[in-house]
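Colleague: I'm still learning to read protein models, and I'd love a close look at a single part of this one. Could you pick a spot and walk me through it, then show me what else is worth a look?

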Amino acid sequence: MVHYTDLLQAQRLCETLAAPARVEIMRLVLSRRADSLDALAKTLHLSNGAITQHVKKLVDVGLIRLEEISGKHGTAKRCVPTVDRVMIDIATDIASENAEVFNLPIGHFSFAAVNPYCAIATSEAYIGERDDPRYFTYPERTKAALIYFNSGKINWVLPSPVRRAARIKSVSVSLELSAKPYGHGHKRDSAVSFFVNDVLLGTHVIDGEFADRKGLFTPAAFDDVCQYGKYKTVKITEEGSFVDGIKIGSTRLSDIDVSSLTFAIATENGVSIFGSGFGDYDCGLRCKTEYYE
């Protein structure tokens, strides 16, 4: 899996795959119908020199690698695919003079009062034992890639707005969420409440567990939990509080002290929070502060 976070980062890959011959090489290598340079040249009716140049381009962008194998006349080179999926984020934010964006790992929470069933895990293993809230206090929690709990509340301290003299237009937090795992394919929904500075913004219903496929970044070892969630953006402005543009409450930006900010999630139905290295989005909490011009 290769993840490009913006179009500029993926430009070289796109230019490489713009050549039809390289697309055909990738198809042959992935299907194992041909993988040596000689076999590729014969199959595509191209010279060995042309195949060598095309393969070099694919190697340079990390789609394949070359390894030596024994051939009829000594050694030969074989193409081996290095990835089976590429994800490109297209609708990323363009840098703006009127906004600040921070990425906060989900394990950097300041407070958690949660109840079983619950767990906290890195991308490699669970931290301690599942269904024991004590492990939410362990130092290893800062590396968390997955958090879920049946009921309770979890709180993060957000980066404070830097421009003290500027007037803030909105504050938003984006993250990947789903219902807590109840068993593969369970469709129970969860009502989740959001808070800024302990002031309730509103409550939003999140769809049930998603286990119909592997999450794009979910490690293979985790097959007993929900695999991915939905990317949600919680925003507060002078017009009220919103989730994905839908108003969930009347709390306005002027109702809170924006000089320092905290963000919290609470539920009585269960929630899963996906961080970097888990789910479909390789990120934690994306915190954005927008200013008036």
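Modeller: Happy to! Let's start with Glu100, which is buried, because its relative accessible area is 11% and buried means under 20%. Keep in mind that this is a predicted model. Glu100 belongs to strand 5, which covers residues 99-104. What do the side chains of Glu100 and Tyr291 form? They are joined by a polar contact of 2.9 Å. Tyr291 also appears among the residues in contact with Glu100 once neighbours within four places in sequence are set aside. The others on that list are Pro161, Val162, Arg163, Cys287, Lys288 and Thr289.

From a buried charged-type name we can move on to the nonpolar interior. The largest nonpolar core has 39 residues. Those with the most contacts inside it are Ile147, Trp156, Phe194, Phe263, Ile265, Ile273 and Leu285. Take Ile265 as an example: leaving aside neighbours within four places in sequence, its contacts include Trp156, Phe194 and Ile273. Phe149, Ile154, Leu175, Leu177, Val192 and Val271 are also in contact with Ile265, and so are Gly152, Lys153 and Ser193. Apart from this core lies another one of 19 residues, including Leu28, Leu37, Ile51 and Val55.

Next, look at strand 9 and strand 10, which pair in the antiparallel sense over 7 bridges. One of the pairings is easy to find: Ser190 has Ile206 in strand 10 as its bridge partner. The hairpin of these strands has 2 residues between them, and there Asn197 takes a positive phi near 55 degrees. Asp198 lies in the loop between strand 9 (190-196) and strand 10 (199-206), and its phi is near 65 degrees, again a positive value in a residue other than glycine. Why point this out? Because most residues other than glycine have a negative phi. Is Asp198 buried or exposed? Asp198 is exposed, because its relative accessible area is 55% and the cut-off for exposed is over 50%.

Asp244 has a positive phi too, of about 50 degrees, although it is not a glycine. You'll find Asp244 in the loop between strand 12 (240-243) and strand 13 (246-249). With a relative accessible area of 40%, Asp244 is partly exposed.

One last stop is the backbone at Tyr117, a residue of strand 6 (residues 109-121). The peptide bond from Pro116 to Tyr117 is cis, with omega near 0 degrees. For comparison, most peptide bonds are trans.

Key
Residues are numbered from 1 along each chain as its sequence is written. This is a predicted model: local features need pLDDT of at least 70, side-chain atom pairs count only at pLDDT 80 or more; totals for chains, interfaces and linings use all residues. Side-chain values use heavy atoms; hydrogens and water are left out. Helices (H or I, at least four residues) and strands (E, at least two) are DSSP runs, numbered from the N terminus. Buried means under 20% relative accessible area, exposed over 50%, partly exposed in between (1.4 Å probe, protein chains only). A nonpolar core is a set of buried Ala, Val, Leu, Ile, Met, Phe, Trp, Tyr and Cys residues joined through side-chain atoms within 4.5 Å. Contact means heavy atoms within 4.5 Å. Two strands pair if DSSP finds at least two bridges between them. A polar contact is a pair of N or O atoms within 3.5 Å; within protein, one must be able to donate a hydrogen and the other to accept it, and residues adjacent in sequence count only if both atoms are side-chain atoms.
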